[in-house]
Amino acid sequence: MEKINFIIEWQADCCGIDDYFEIDGFLFMLKDENQIVDDGFIFYNFSENENGSVKYEKTKSKKGKNFRNVKIKVDLNMLDKRINKMIIAAQIYKSIEKDQDFGQIPQAFIAIEDDIGNELSLLDLAEEMSSSSGIVYAELVKKNGWQINIIKKDLKDIKKLCYEYGVDI
């Protein structure tokens, strides 16, 4: 596997309001002792690392105008060699203020695909994480190649992960 994509897709409208739901994706790239590498926190406001091996894209979904899509594309061969773990997370934007959770979104999914579009993992957020507003979805660990471990852990606030991995916010 040379490239991998992390995809979050959801129905953005609800109750007749377009863009009612917004989901942010996050990628933490870690070195020894679970500490972030320089430029190793990728999200909507920092959409590409320095060498271009990771890119965050927000696009309209192929499912229709009311769907949104976030894709984080990773070229595993170009990654900083110190990176030995990556954490994938997602959270509903302003979920606390809006009192939102995944169960309120008619359709919301998070997936991992290989470089040719084969689905390696898929989770229906609305069904399996219905009372959550955020999720630590998976980790990729470098051991004789990259291995995917699905975590599915409830995430109340992305700031907690930032502090845990040494990201200054």
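**Exercise 1. Two loop residues**

In which loop does E33 lie? Describe the backbone and the exposure of E33, then do the same for D99.

Solution. The model used throughout is predicted.

Step 1. Place E33 along the chain: this residue belongs to the loop between strand 2 and strand 3.

Step 2. Look at the backbone. E33 is not a glycine, yet its phi is positive, at about 60°. Most residues other than glycine have a negative phi.

Step 3. Judge the exposure. The relative accessibility of E33 is 72%, so E33 counts as exposed, the cut-off being over 50%.

Step 4. Turn to D99. D99 sits in the loop between helix 1 (95–98) and strand 7. D99 also has a positive phi, of about 55°, although it is not a glycine. With 63% relative accessibility, D99 counts as exposed.

**Exercise 2. A loop residue that contacts other segments**

Find out whether E22 is buried or exposed, and list what it touches.

Solution.

Step 1. E22 is located in the loop between strand 1 and strand 2.

Step 2. The relative accessible area of E22 is 15%. Buried means under 20%, so E22 is buried.

Step 3. Leaving out residues up to four places away in sequence, E22 touches W10, K58, Q91, I92 and Y93.

Step 4. Compare chain separation with distance in space. E22 and A12 are 10 residues apart along the chain, and their C-alpha atoms are separated by 6.6 Å.

**Exercise 3. Two further buried residues**

Describe the surroundings of N5 and of A126.

Solution.

Step 1. N5 is part of strand 1. Its relative accessible area is 12%, so N5 is buried.

Step 2. Beyond residues up to four places away in sequence, N5 touches K71, I72, K73 and V74, as well as A111, I112, E113 and D114.

Step 3. N5 and G117 are 112 residues apart in sequence, while their C-alpha atoms are 8.3 Å apart in space.

Step 4. A126 belongs to helix 2 (residues 125–128). At 17% relative accessible area, A126 is buried.

Step 5. Once neighbours within four places in sequence are set aside, the contacts of A126 are F102, G103, I105, P106 and A108. A126 and I116 are 10 residues apart along the chain, and 26 Å separates their C-alpha atoms.

**Exercise 4. The nonpolar cores**

Which residues of the largest nonpolar core touch the most other members? State which strands supply the core.

Solution.

Step 1. The largest nonpolar core has 37 residues, and L27, V74 and M86 touch the most other members.

Step 2. At least two residues of this core come from each of these strands: strand 1 (3–11), strand 2 (23–31), strand 3 (35–42), strand 4 (54–60), strand 5 (67–75), strand 6 (85–92), strand 7 (108–114) and strand 9 (134–142).

Step 3. Take L27 as an example. Apart from neighbours within four places in sequence, L27 is in contact with F6, G40, F41, I42, V54, I72, V74, M86, I87 and I88.

Step 4. Another core, of 15 residues, lies apart from the largest one; among its members are I87, L155, I158 and Y165.

**Exercise 5. The cavity**

How many cavities of 30 Å³ or more does a search of the whole structure find? Describe the lining of the largest cavity.

Solution.

Step 1. The search finds 1 such cavity. The volume of the largest cavity is about 30 Å³.

Step 2. Its lining is made of F6, I7, I8, G25, F26, V70, I72, I88 and A89.

Step 3. Strand 1, strand 2, strand 5 and strand 6 are the elements that give two or more residues to this lining. Strand 1 has the largest share, with 3 residues.

Step 4. Sorted by type, the lining has 8 nonpolar residues, 1 polar residue and no charged ones.

**Exercise 6. Aromatic rings**

How many aromatic pairs does the structure hold? Examine the pair of F28 and Y165.

Solution.

Step 1. There are 6 aromatic pairs in the structure.

Step 2. The rings of F28 and Y165 are 5.3 Å apart centre to centre, with 55° between the planes, and the pair is tilted.

Step 3. F28 is in strand 2 and Y165 in helix 3 (residues 158–165); the pair links distant parts of the chain, 137 residues apart. Both residues of the pair, F28 and Y165, are buried.

Step 4. Ring pairs also join F28 and Y165 with F26, F41, F43 and Y44 in a cluster.

How values were computed: Residues are numbered from 1 along each chain as its sequence is written. This is a predicted model: local features need pLDDT of at least 70, side-chain atom pairs count only at pLDDT 80 or more; totals for chains, interfaces and linings use all residues. Side-chain values use heavy atoms; hydrogens and water are left out. A nonpolar core is a set of buried Ala, Val, Leu, Ile, Met, Phe, Trp, Tyr and Cys residues joined through side-chain atoms within 4.5 Å. Buried means under 20% relative accessible area, exposed over 50%, partly exposed in between (1.4 Å probe, protein chains only). Helices (H or I, at least four residues) and strands (E, at least two) are DSSP runs, numbered from the N terminus. Contact means heavy atoms within 4.5 Å. On a 1 Å grid over the protein atoms alone, a cavity is a set of points where a 1.4 Å probe fits but cannot get out, and a pocket is an open set with protein on both sides within 12 Å along at least five of seven lines; lining residues have an atom within 4 Å of a point. Grid points are joined across faces, edges and corners, and a volume is the space filled by probe spheres set on the points. Ala, Val, Leu, Ile, Met, Phe, Trp, Tyr, Cys and Pro count as nonpolar, Asp, Glu, Lys and Arg as charged, and the others, Gly among them, as polar. Rings of Phe, Tyr and Trp (its six-membered ring) pair if their centres lie within 6.5 Å; planes under 30 degrees apart count as stacked, over 60 as edge-to-face and the rest as tilted.
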